[in-house]
Amino acid sequence: MKKVEEQAIYTGFTDIHNHILFGVDDGSPDIETSLKMLRMAYEDGTRDMVLTPHFHPKRGMAHYSQIVENYEILADFAEKELPDMGVYLGREIYYRSEVLDDLDKLQEKAMCGSDTVLIEFSPNVEEEKVRSAVLDVIMTGYHPIVAHVERYVCTVKNWDYIYELKQLGADIQVNASSVTGDNGWSVQRCVKALLKDHVVDYIASDAHDTTSRTPQLSKCYKYIVKKYGVEYADRIMKADVVEKFG
């Protein structure tokens with residue numbers, strides 16, 4: 001019988017959260033960097049990328065028309081140079097209640113034009129605000145994914161409430177670097193507990209550059225395969241974008 005690690009296929013990853021799109025937030029500053037990041041992700045085994053530029057008062061408030069224009073440039077490159085890599089457009093929304101005031105505009109901030117939104121919060125957000133946000137999003141008819149849930153102070157102190165967010169209807173995303181311990185022991189301890197109970201729905205890179213916050217997922221995938229099995233690793237790292245957000 002093959003070892004678990006030998007049964008895994010170390011390619012075909014899906015990255016639903018990154019800042020590879022150039023010139024629109026605090027991620028890639030230019031097309032050259034974006035192309036390097038795409039190639040880096042491809043060589044590491046990623047085959048589907050959902051680009052998620054910030055909708056954030058301090059990190060990125062580019063006009064939607066500019067985001068679409070830059071996205072089309074990058075997607076055109078991918079189609080020519082990396083034909084088996086899918087490049088899609090989403091958004092990471094810094095949650096404030098007013099983003100739900102205009103549902104037509106919210107569609108511009110959804111994942112691939114679907115009814116799913118990726119929401120983030122201040123690192124010092126309180127548990128109750130996250131709960132309320134999840135309920136607010138659901139009540140509008142949208143489906144929330146809570147971005148990098150392990151980065152909030154309240155989560156590291158008490159991760160039990162993440163289970164409640166799941167019960168309310170939210171999906172949970174964590175960053176690959178948190179799984180592998182690059183963000184500290186307390187964060188990794190929290191993430192390991194969530195992974196053990198299969199609470200995590202997505203693992204993504206949250207990549208911002210080609211050096212310290214890179215779009216590479218294979219190291220994390222190997223770790224999850226070894227600790228939690230191929231089936232779960234594939235489920236949370238090889239999502240079908242069309243099926244999930246189509």
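**Entry 1: helix H5**

I began with alanine 133, which lies in helix H5. I was working on a predicted model throughout. Is alanine 133 buried or exposed? I found it buried, with a relative accessible area of 1%. I then listed what alanine 133 touches, leaving aside neighbours within four places in sequence. The contacts are Tyr95 and Phe121. I also checked a distance from alanine 133 to aspartate 84, which is 49 residues apart from it along the chain. Their C-alpha atoms are separated by 36 Å.

Next I went to arginine 131. Arginine 131 also has its place in helix H5, which covers residues 127-139. I noted a relative accessibility of 16% for arginine 131. The cut-off for buried is under 20%, so arginine 131 counts as buried. Which side chain makes a polar contact with that of arginine 131? I found glutamate 128, at 3.3 Å. Beyond four places in sequence, I have arginine 131 in contact with Tyr161, Glu164, Leu165 and Leu168.

I took isoleucine 138 last in this helix; it is found in H5. Its relative accessibility is 30%, so I logged isoleucine 138 as partly exposed. With neighbours within four places left aside, isoleucine 138 is in contact with Pro144, Leu168 and Gly169. I noted that Leu168 is also on the contact list of arginine 131. I looked up one more distance, from isoleucine 138 to alanine 170. These two are 32 residues apart along the chain, and 8.4 Å separates their C-alpha atoms.

**Entry 2: the sheet**

I turned to the strands. What is the strand order in the open sheet? I read it as E3-E5-E6-E7-E8-E9, six strands with parallel pairing. I marked strand E3 (54-55) and strand E9 (202-204) as the edges, since each pairs on one side only.

I looked at strand E8 in detail. Strand E7, residues 143-146, runs parallel to E8 and is joined to it by two bridges. Across that pairing, I saw isoleucine 145 opposite aspartate 171 in E8. How many bridges join E8 to E9? I counted three between E8 (residues 171-175) and E9, again parallel. I picked out glutamine 173, whose bridge partner in E9 is tyrosine 202.

Then I checked burial along E8. Why is E8 described as largely enclosed by the rest of the structure? I noted that five of its five residues are buried, so the description follows. I sorted the side chains by direction as well. Asp171, Gln173 and Asn175 point one way from E8. Ile172 and Val174 point the other way. I have both groups down as buried.

**Entry 3: positive phi**

I looked for odd backbone angles. Most residues other than glycine have a negative phi. I stopped at cysteine 112, which has a positive phi of about 60 degrees although it is not a glycine. Where is cysteine 112? I placed it in the loop between helix H4 (103-106) and strand E6 (116-120). Its relative accessibility is 26%, so cysteine 112 counts as partly exposed.

I logged histidine 198 too. Its phi is near 55 degrees, a positive value in a residue other than glycine. I found histidine 198 in the loop between helix H9 (185-196) and E9. At 36% relative accessibility, I entered histidine 198 as partly exposed.

**Entry 4: the largest pocket**

I finished with the largest pocket. I noted about 300 Å³ of space in it. Which lining residues are closest to its centre? Of the 15 that line it, I listed Ser177, Asp182, Ser205, Ser212 and Thr214. I then asked which elements give two or more residues to the lining. I got helix H8 (176-179) and helix H10 (218-228). I sorted the lining by residue class as well. I have two nonpolar, eight polar and five charged residues there.

Key:
Residues are numbered from 1 along each chain as its sequence is written. This is a predicted model: local features need pLDDT of at least 70, side-chain atom pairs count only at pLDDT 80 or more; totals for chains, interfaces and linings use all residues. Side-chain values use heavy atoms; hydrogens and water are left out. On a 1 Å grid over the protein atoms alone, a cavity is a set of points where a 1.4 Å probe fits but cannot get out, and a pocket is an open set with protein on both sides within 12 Å along at least five of seven lines; lining residues have an atom within 4 Å of a point. Grid points are joined across faces, edges and corners, and a volume is the space filled by probe spheres set on the points. Helices (H or I, at least four residues) and strands (E, at least two) are DSSP runs, numbered from the N terminus. Ala, Val, Leu, Ile, Met, Phe, Trp, Tyr, Cys and Pro count as nonpolar, Asp, Glu, Lys and Arg as charged, and the others, Gly among them, as polar. Two strands pair if DSSP finds at least two bridges between them. Buried means under 20% relative accessible area, exposed over 50%, partly exposed in between (1.4 Å probe, protein chains only). A polar contact is a pair of N or O atoms within 3.5 Å; within protein, one must be able to donate a hydrogen and the other to accept it, and residues adjacent in sequence count only if both atoms are side-chain atoms. Contact means heavy atoms within 4.5 Å.
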